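Biologist: I am new to reading protein structures. Could you walk me through one, feature by feature?

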Amino acid sequence: MPIATYVSSGLHMVPFSGLQAQRKVLGPRIESAIQRVVDHGQFILGPEVARLEASLAEYTGARHVVTCSSGTDALSLVLMSKGVKPGDGIFCPSFTFCATAEVVCRAGAMPVFVDVDEATFNMSPASLESAIGDAKRLGLEPTGIIAVDLFGVPADYTSINEIARKNGIWVLADAAQSFGARSDGRRVGSLAASSATSFFPSKPLGCYGDGGAIFTDDDDLAQEILLRRVHGQTQDRQNSVRLGMTARLDSIQAAVLLEKLTLLNQELEERQTVADYYAKELCDICIVPSPAKNIRSAWAQYTVRIGGHSRDQVADYLKARGIPTAVHYRRPLHRQTAYEMFPTPRGGLPVTDRLSAEVLSLPMHPYLTPSDLQAVTSSVRSAIESCRAT
Ligand SMILES: *Cc1c(COP(=O)(O)O)cnc(C)c1O
């Protein structure tokens, strides 16, 4: 249907992303920041990169921040620096974006899938413990855990860190979706021994292309990561002492992020306001997210559950009424072709399978207007009611 038809029929089109609206606020400042980089010409590891790393360290409380080329490369840099190798079993959820397990396979190790918690959608500590036992029986060496902060909610690091400690293995937080979130007042980036985030444009803090960062308090690990970010080369670039990558963050992206970081806390508040409104309006008609009291989500996504096999019908109904939605993730990793051969717990991943059939992400960003919100909630309500009636 052409856009003009929507307009003439008076349909309220709700934007799924807030990036265009954000440009109205920050656009001129970002453009002059980019212009400054173009003028000084230090495109690689220019002064903006060091300034951004210092700002991110201050924001998160992490001792070391290493920016890099993407969230995926952030995960890879940690795995390389940890010396992950064939025969290692790395525990991760299946209900996540593919990059979480992809980096494990690329390091030659084996992802071992763990089920998630029904309420938080994040790694279940109980399932993790039994997966560690299963992996040992399979002859794998349990080496590390990649927990994912799905949709912006930090995983249960208190439990996960304790299980890791008992088993002598490490924890890496895949915080690609949760930059800015807090747990007990502590920011993401300081909740696990190392954390990796993404600055992909649609993440809570996004740049104008690909970007990422790693956070750690571990001096040795930070040093290894820095080496591997640029071909494992020593400072004088005369000797490669490790195998590495080309995984730097561009100065232009750092300049963009420095500007956006100044607005992040306000944007997180606005996302929280949207989440509170959705929860109040929708809690009686579908399952809404309800993070624990000690958690402040970054609200990368607002994801409800619609049971009774009507999720896709509801999404179609909303689409026809100008309300875009998304399904993260329709196919969990253990059901995707490249990952279906990897181990899952003996009882399967029942919560992961149930969630992937029921989840629906609604528009969530700081620039939704009151009429957007009203349009979303009233349409979701009538969509669910009409699907139940049929
Ligand atoms: C986005 C995302 C990544 C990858 O980040 P990129 O910057 O796109 O490489 C990894 N893990 C999760 C959970 C993500 O959502």
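Modeller: We will go through the ligand and its surroundings, then one residue of a helix. Keep in mind that this is a predicted model.

Biologist: Which residues are closest to the ligand?

Modeller: To find a ligand's surroundings, we list the residues near it. Here 15 residues surround the ligand, and the closest are Gly71, Thr72, Gln177, Ser198 and Lys203. By class, this shell has 5 nonpolar, 8 polar and 2 charged residues.

Biologist: Which helices each supply at least two residues of the shell?

Modeller: Those are helix H4 (71–81) and helix H5 (99–106).

Biologist: What lies 2.6 Å from an oxygen atom of the ligand?

Modeller: For polar contacts, we look at pairs of N or O atoms within 3.5 Å. In this model, a polar side-chain atom of serine 198 lies at 2.6 Å from a ligand oxygen. The side chain of threonine 72 has an N or O atom 2.5 Å from an oxygen atom of the ligand. With glycine 71, a polar backbone atom is 2.8 Å from a ligand oxygen. As for cover, the ligand taken alone exposes 380 Å², and the protein buries 92% of that. The space taken by the ligand is the largest pocket.

Biologist: Is asparagine 167 buried, exposed or partly exposed?

Modeller: We compare its relative accessible area with two cut-offs: buried means under 20%, and exposed means over 50%. Asparagine 167 counts as partly exposed because its relative accessible area is 28%. Asparagine 167 lies in helix H7, residues 157–167.

Methods
Residues are numbered from 1 along each chain as its sequence is written. This is a predicted model: local features need pLDDT of at least 70, side-chain atom pairs count only at pLDDT 80 or more; totals for chains, interfaces and linings use all residues. Side-chain values use heavy atoms; hydrogens and water are left out. A residue is near a molecule or strand if one of its heavy atoms lies within 4 Å of it. A polar contact is a pair of N or O atoms within 3.5 Å; within protein, one must be able to donate a hydrogen and the other to accept it, and residues adjacent in sequence count only if both atoms are side-chain atoms. Accessible areas come from the Shrake-Rupley method with a 1.4 Å probe; for residues, only the protein chains shown count as cover. On a 1 Å grid over the protein atoms alone, a cavity is a set of points where a 1.4 Å probe fits but cannot get out, and a pocket is an open set with protein on both sides within 12 Å along at least five of seven lines; lining residues have an atom within 4 Å of a point. A molecule sits in a cavity or pocket if more than half of its atoms lie within 2 Å of its grid points. Helices (H or I, at least four residues) and strands (E, at least two) are DSSP runs, numbered from the N terminus. Ala, Val, Leu, Ile, Met, Phe, Trp, Tyr, Cys and Pro count as nonpolar, Asp, Glu, Lys and Arg as charged, and the others, Gly among them, as polar. Buried means under 20% relative accessible area, exposed over 50%, partly exposed in between (1.4 Å probe, protein chains only).
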